[in-house]
Each structure stands twice: as structure tokens, then as C-alpha cells.
Amino acid sequence: MPRTPQPDEDDLATITSWPPVYYAEQALLGALLSDPQHLADVTGISPEAFSTASHAAVFAAICAVPAPALADNTDYAAAFAALRAQSPSGLAERTEHIVWLGKVLTTARKQARGLTAAHLHGLISACPNPRHTPAYARIIAAESARRRLRKAAARLVHTAREASLPHPVPAALAEADTLASVVDDIAAAFPAHSGPLPRTPAPPPAPLHDGGEAAQEERLLLATCTARPAEVEQMRWLTPEDFTHPLHAALWQCLTALVRRDVPVDPVTVIWEAQQRGALSAADDHRHLLTFLAEPDVSALYLGERILHRSVLTTAHHVGRRIVAFTDDPANTPYQLVVGSCRALAEMTAIRARWHHATTSTPTTWSPRRTARTAPRAGPPPTTAPPTSRIAR
């Protein structure tokens with residue numbers, strides 16, 4: 001990310017190569033300072049759209065101080081010379097424009113104390129053509145949208161990996177809603193047009209949870225459903241993509257296929273189905289698979305919700321990182337950011353629907369005092385559970 005200059009820096013004297021939007025901001029502010037009547041041509045941006053505190057302060061001041069009625073032959077160079085001199089003679093010679101510039105500078109200094117008349121003079125000098133004000137405003141609006149989108153996506157990433165949250169899934173879904181609202185705002189501000197989709201490569205997968213705990217819960221679910229295959233039909237909301245281990249995902253696919261074909265299900269038939277589907281490799285220990293598939297746990301629904309809970313957060317984390325990657329690619333236009341973000345957020349929509357189905361259907365049975373080794377192995381689980389046993393929605 002580019003460094004944000006401090007308000008007391010002399011922007012033009014600083015030998016730094018800023019991104020193009022920085023120069024568009026200078027050009028826009030210069031156009032408005034030289035002729036405040038151009039403010040009528042600026043739409044779709046606010047002070048928050050600017051990338052530096054000093055630029056935001058100057059724009060806010062221009063918007064706040066009523067513009068004077070200026071003649072076409074206003075001598076702006078003389079006006080700034082008088083303003084910079086700050087001398088009694090200079091003050092006496094001020095025109096309405098000079099007075100307005102002084103008020104703008106005074107107002108802007110409330111937010112950026114280091115601003116001087118030289119800064120304003122430098123901004124006017126940096127404007128190639130004041131008649132291009134609308135074009136400068138569109139550039140600023142586009143980069144502001146990029147920053148807003150990146151900030152919202154980063155919040156989603158942070159929320160998805162924040163283990164201390166009491167209800168992580170609802171928090172992540174709320175951030176996803178906020179991110180979707182930002183995308184909608186950008187789509188409304190930048191009409192759709194034909195063009196290529198974003199070509200930004202996806203970031204590599206990042207581990208989000210304890211792999212050992214996740215694998216253990218997945219093995220226990222597979223064992224439970226192998227012993228009680230009827231429970232598989234109660235978990236249509238769980239898919240192979242929710243599993244963290246590829247072999248476990250393949251075994252779940254085998255289980256669901258056997259149940260839907262209404263054929264016998266036990267450790268042997270599951271292993272055979274896995275072999276027929278090419279899911280087993282030479283490195284897999286078949287005796288080990290038979291062993292863990294023969295050890296069911298107390299509640300398949302609870303374990304299924306746990307796996308889906310983890311999958312929701314993993315998906316949210318991936319979606320957020322994907323959109324951050326889009327925004328970090330300066331070649332992506334606002335239209336491409338919208339299209340790419342919508343496609344990424346579609347993953348959140350799909351898994352949100354499955355989460356809602358899982359958590360509003362048959363209640364999960366589980367008690368923190370029970371474990372896989374002490375819970376009874378026979379008989380169907382109860383159909384009700386105390387409120388404290390439910391996973392946070």
C-alpha cells in the first residue's frame with residue numbers, strides 16, 4: 001500500500017512517486033481552488049474519498065466555504081502572491097477570491113494544521129486543465145471504492161479467524177452482509193459494461209483451524225454415520241467440500257452415495273465404494289480405515305454442525321482474501337471489482353443457506369459432559385437438547 005503523507009508535508013517538494021490517484025486529487029483540488037465554480041461538476045465523492053488527510057481537509061473546506069462570484073479575468077497568480085505574503089499590503093489588495101482562499105486555508109487547517117498557502121498554490125500549479133474536473137473526480141471515486149471494498153473484505157478476513165468471538169459464524173455472516181452492501185454501492189456508482197473478468201490469481205489456501213481437531217471430528221462423524229446411516233439423510237446440508245481432509249471428503253461422498261442407493265452400509269462397503277471411486281491411494285492403510293469407521297460417536301448431527309461451522313468460517317476467510325487480492329491489483333477496474341466480488345460472495349450465499357438449514361432443522365443433541373469414549377454407542381440419539389448444547393448461530 002502507498003504511504004500516506006502527513007498533513008504538514010510539502011506535497012510538491014516531496015520526492016516520491018505516488019499512485020495516479022494522488023495526482024488526480026491534486027489536479028481536482030487545484031481546479032477547484034483556481035475556480036470554485038467547478039465544484040458543481042464534482043459528484044459522487046466526499047472528503048472521505050481522498051487518500052490523504054491534507055487533501056481531504058482542503059476538499060472539505062472548499063465544500064464548506066461559500067464560493068464567491070468570480071470574474072473571468074481574476075488574476076489568480078496575484079491572489080496567491082498576496083495570500084502567501086501575509087503582509088498588510090497584501091491583505092489590503094485581496095479580491096473576493098483572495099478572501100475566499102484565506103477562508104479555505106483557515107478552515108482546512110482545523111483538520112490539517114500543517115497546511116500553508118504554498119500547499120494551495122502548489123495544488124493549483126499541479127492541475128493540467130481545470131475543465132477536466134469531472135474526469136479527475138471519477139478517478140478519485142474509483143480508487144475510493146477500491147479502498148472501501150478492501151477495508152470491508154479485510155474485516156471479513158479478520159472476523160473469520162478471530163477465535164475469541166462468542167458467536168463467530170453470525171459475526172462472519174454479518175461482515176459478509178456489510179461487504180455485499182459495499183459491492184452494491186459500487187455497482188450503483190459504476191454502471192456495468194462489457195469487459196474481461198478479473199484475472200488476479202487467487203491467494204494460496206491459508207490454514208484457519210487446528211487440523212488435528214478437525215480431522216478427529218470428521219473421523220468421528222464418518223464412524224457414526226457408518227453405524228447409523230439413516231442420519232446421513234438428515235444432513236443433506238453437509239457436502240464433501242466442508243471437510244478439511246480430502247480422504248474424509250471422499251468417504252463422506254461414498255457414504256451419501258450408498259445411502260441414496262439404499263444399499264447396505266458398514267465399514268467394508270464404504271471402503272469398497274471408496275476403491276471403486278478411485279478415492280484410495282497406495283498410502284492409505286485399509287485396516288486403519290476399517291478401525292476408525294467402526295467407532296461411532298454419540299451425535300452425528302452435532303459433529304456435522306461442527307464441521308459445517310468450521311467450513312463457514314473457512315469460506316468467509318477465503319472469500320475475504322480473494323476480494324482483498326482483487327483490490328490489491330491496480331489493473332482491476334471498478335466494474336471488474338464488482339463482478340469478481342459478486343462471484344466470490346456467491347460462495348458465502350450458498351454456504352449461508354446450508355448453515356441456516358442445518359441450524360433450523362432437527363435440534364442437535366450434545367452435552368459438553370459427554371465424550372466419544374464415555375457416551376453410549378447403541379440406540380438413536382434423543383431428539384431434543386438443552387439450549388446450551390446448540391452451536392452459536
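User: In this predicted model, which residues of helix α5 are the buried ones?

Analyst: The buried residues of α5 are His97, Ile98, Trp100, Leu101, Gly102, Val104, Leu105 and Ala108, and each is called buried because its relative accessible area falls under 20%.

User: How do you know whether the length of α5 agrees with what a helix of 14 residues should span?

Analyst: Helix α5 covers residues 96-109, and at 1.5 Å a residue its 14 residues should span 20 Å. The expected span takes 1.5 Å times one less than the number of residues, and since the end C-alpha atoms of α5 are 20 Å apart, the two values agree.

User: What makes up the chain as a whole, in helices and strands?

Analyst: The chain has 14 helices and zero strands, so its pattern along the sequence is written with α alone, as α-α-α-α-α-α-α-α-α-α-α-α-α-α. Of its 393 residues, 47% count as buried, while the chain exposes about 19600 Å², with 57% of that supplied by carbon and sulfur atoms. Among contacts with a separation of 6 or more, 77% are accounted for by residues 24 or more positions apart.

User: Why is Leu290 called partly exposed?

Analyst: The relative accessibility of Leu290 is 31%, and the class "partly exposed" lies between the limit of under 20% for buried and that of over 50% for exposed, so Leu290 counts as partly exposed. This residue sits in helix α12, residues 286-293.

User: How do you know what Leu290 touches beyond its sequence neighbours?

Analyst: A contact requires heavy atoms within 4.5 Å, and, when residues up to four places away in sequence are not counted, Leu290 touches Pro267, Val268 and Ile271. As for Ile271, it is 19 residues from Leu290 in sequence, and the two C-alpha atoms are 7.5 Å apart.

User: Why is Gln336 buried or exposed, and in which helix is its place?

Analyst: Gln336 has its place in helix α14, and at 8% relative accessibility it counts as buried, because the cut-off for that word is under 20%. Leaving aside residues up to four places away in sequence, Gln336 touches Pro196, Leu197, Pro198 and Ala331. The C-alpha atoms of Gln336 and Arg199 are separated by 9.2 Å, although these residues are 137 residues apart along the chain.

User: How are α13 and α14 described relative to each other, and why?

Analyst: Two packed helices are described by the angle between their axes and the distance between the axes. Helix α13 (residues 300-328) and helix α14 (residues 334-359) have axes that come within 10 Å and cross at roughly 170 degrees. Angles over 145 degrees count as roughly antiparallel, and α13 and α14 are therefore roughly antiparallel to each other. The residues of their contact divide into 13 nonpolar, eight polar and four charged.

User: What makes the phi of Asp262 worth pointing out, and is Asp262 buried or exposed?

Analyst: The phi of Asp262 is near 60 degrees, which is a positive value in a residue other than glycine. Asp262 lies in the loop between α10 (246-261) and α11 (267-276), and its relative accessible area of 71% makes it exposed, because that class begins over 50%.

User: Why does Gln234 count as partly exposed?

Analyst: Gln234 has 36% relative accessibility, a value between the 20% and 50% limits, so Gln234 counts as partly exposed. Its place is in the loop between α9 (211-227) and α10, and Gln234 and Leu301, which are 67 residues apart in sequence, are 7.8 Å apart from C-alpha to C-alpha.

Definitions and conventions: Residues numbered from 1 in each chain as written. Predicted model: local features only at pLDDT ≥ 70, side-chain atom pairs only at ≥ 80, totals over all residues. Heavy atoms only, no water. Helix = DSSP H or I, 4+ residues; strand = E, 2+ residues; numbered from the N terminus. Buried < 20%, exposed > 50% of the residue type's maximum accessible area, 1.4 Å probe, protein only. Areas by Shrake-Rupley, 256 points an atom, 1.4 Å probe, with all protein chains shown as cover. Axes fitted to C-alpha atoms, helices over the stretch in contact; angles between N-to-C directions. Parallel < 35°, antiparallel > 145°, perpendicular 65-115°, else oblique. Nonpolar A, V, L, I, M, F, W, Y, C, P; charged D, E, K, R; others polar.
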